[in-house]
Amino acid sequence: MATEEVDPRFADLDAWSLATAMEAMWEGQLAAVAAIGHALPAITAATEAAKAALGDHGRLVYVGAGTSGRVAVQDGAELTPTFAWPKERVRFVVAGGDSAFVTSIEGAEDDIDDAIAQINAVRLTAHDVVIAVAASGTTPFTVAALQQAGSCGAVTVGVANNPGTALLASAKFPILIETGRELIAGSTRMKAGTAQKVVLNLISSGIMLRLGRVYRGMMVNMQPTNAKLKRRAEAMVAQIADCDPSHAARSLEQAEGDVKTAVLLALGVDRADAETILKDGDGNLRRVFAELARDRDSDRNSDRDSHPDRHPKAPAARKQGGAVKS
């Protein structure tokens, strides 16, 4: 496997000047990210399938061992603070259990029985999405876990850095990132790990985009749990609703920190109606604004038909970036 082989170009890496070695390692990181480009169609297909499966109750389940497992945990752990993804809807199946998050557990990656037991404990359904990551593509724990997940009917995604491997063959949506030989043979925390992190970022962020948890490049599902995030939430409300900061702050307080509800309150919608509108629009602000615009146009047309000599008053112009834009 390429990820385990010594690269002749770097056989004397330890004898180079530190500045030269640093440049070589940096270039390796750039090459790892560039290798992802060829896999974008596969990454997109996996993301679309994940979004379709998750619905209102499906879970994201990350699987891995060693470095790959810790990279997976890092991605999944960020979903709640960034997108308010419910904690109960993200699970981790890691070789060696929770203690392996910070400590290497010897022999854990070979424990097939533990992999199957952890997957069975999750009680997967067809709405769950299992993302398994292994640089080699052959890690027994990870392969067994993904195969068991597939037998439970879950959507399975496999991310590996070597072609023709068992993990890719076991996944409904295989994603190959050929990062090649590492500068330090077998140290997949470097090129392979970097590529894995980027791929997982793309998948999870893409899912959240499609689920309406992002609007105009902003994390509108974010929960303002500290002073910095509260200021960020207020700024989002002010920008989307095109209102002054003090009005945004009051609206956010009335909405108990929910940015989307606060936006509608800032636009003059009462609390009950705002919650109903968001529920009907699956919490997707772009969809909500499009529907409100259609309702407004329908009302204008109805008014024009009832009073043919009356010209409806044009709505007040809003500044660039205002909420009425869909």
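**Helix packing and salt bridges in a predicted model**

At 44% relative accessibility, Thr276 counts as partly exposed. This residue is a convenient place to enter the structure, which is a predicted model. Thr276 belongs to helix 12, an element that returns below in both the packing and the charge pairing. Between Thr276 and Glu182 there are 53 Å from C-alpha to C-alpha, for a sequence separation of 94 residues.

Stepping back to the whole chain, the protein contains 13 helices and five strands. Its C-alpha trace extends over about 85 × 50 × 35 Å along the principal axes. Of the 326 residues in the protein, 44% are buried. Among contacts with a separation of 6 or more, 65% join residues that are 24 or more positions apart.

A good starting point for the packing is the loop between helix 10 (245–254) and helix 11, where Gly257 is found. Is Gly257 buried or exposed? With a relative accessible area of 11%, Gly257 is buried, because the cut-off for that class is under 20%. Leaving aside residues up to four places away in sequence, Gly257 touches Met222, Pro224 and Leu252. Ser99 lies 158 residues from Gly257 along the chain, and the C-alpha atoms of the two are separated by 34 Å.

Two helix pairs can now be taken in turn. Two packed helices are described by the angle between their axes and the distance between the axes. Helix 11 (residues 259–266) packs with helix 12 (residues 271–280) at an angle of about 125°, and their axes are 9 Å apart. The two helices are therefore oblique to each other, as 125° is neither over 145 nor within the 65 to 115 range of roughly perpendicular axes. The handedness of this crossing is right-handed. On the side of helix 11, the contact involves Lys260, Thr261, Leu264 and Leu265, which meet Arg271, Ala274, Ile277 and Leu278 of helix 12. Sorted by class, the residues of this contact are five nonpolar, one polar and two charged.

The second pair brings together helix 3 (residues 66–77) and helix 8 (residues 191–210), whose axes come within 10 Å and cross at roughly 30°. Helix 3 is thus roughly parallel to helix 8, a label that applies to angles under 35 degrees. Here too the crossing is right-handed. Helix 3 contributes Ser68, Val71, Ala72, Gln74 and Asp75 to the contact, while helix 8 contributes Gly193, Gln196, Lys197, Leu200, Asn201 and Ser204. The class make-up of the contact between helix 3 and helix 8 is three nonpolar, six polar and two charged residues.

Attention then turns to the charged side chains. Side chains of opposite charge can pair when their charged atoms come close. In this model, the count comes to eight salt bridges, and three of them are described here individually. Helix 12 supplies one of these: Arg271 forms a salt bridge with Glu275, with 2.7 Å between the closest N and O atoms. Both residues lie in helix 12, four residues apart, which is about one turn of the helix. How accessible is Arg271? Arg271 is partly exposed, at a relative accessible area of 30%, and Glu275 is also classed as partly exposed, at 39% relative accessibility. The pairing extends further, since Glu256, Arg271 and Glu275 are linked in a network of salt bridges. Arg271 thus takes part both in this network and in the contact of helix 12 with helix 11.

Another salt bridge joins the side chains of Asp7 and Arg9, at 2.7 Å from N to O. Its two partners fall into opposite classes of accessibility: Asp7 counts as buried at 5% relative accessibility, whereas Arg9 counts as exposed at 57%.

The remaining example is the salt bridge of Arg287 with Asp282, whose closest N and O atoms are 2.9 Å apart. In this pair Arg287 is partly exposed, having a relative accessible area of 40%, and Asp282 counts as exposed at 56% relative accessibility.

Notes. Residues numbered from 1 in each chain as written. Predicted model: local features only at pLDDT ≥ 70, side-chain atom pairs only at ≥ 80, totals over all residues. Heavy atoms only, no water. Axes fitted to C-alpha atoms, helices over the stretch in contact; angles between N-to-C directions. Left-handed = near helix turned anticlockwise from the far one by under 90°. Contact = heavy atoms within 4.5 Å. Nonpolar A, V, L, I, M, F, W, Y, C, P; charged D, E, K, R; others polar. Salt bridge = Lys/Arg side-chain N within 4 Å of Asp/Glu carboxyl O. Buried < 20%, exposed > 50% of the residue type's maximum accessible area, 1.4 Å probe, protein only.
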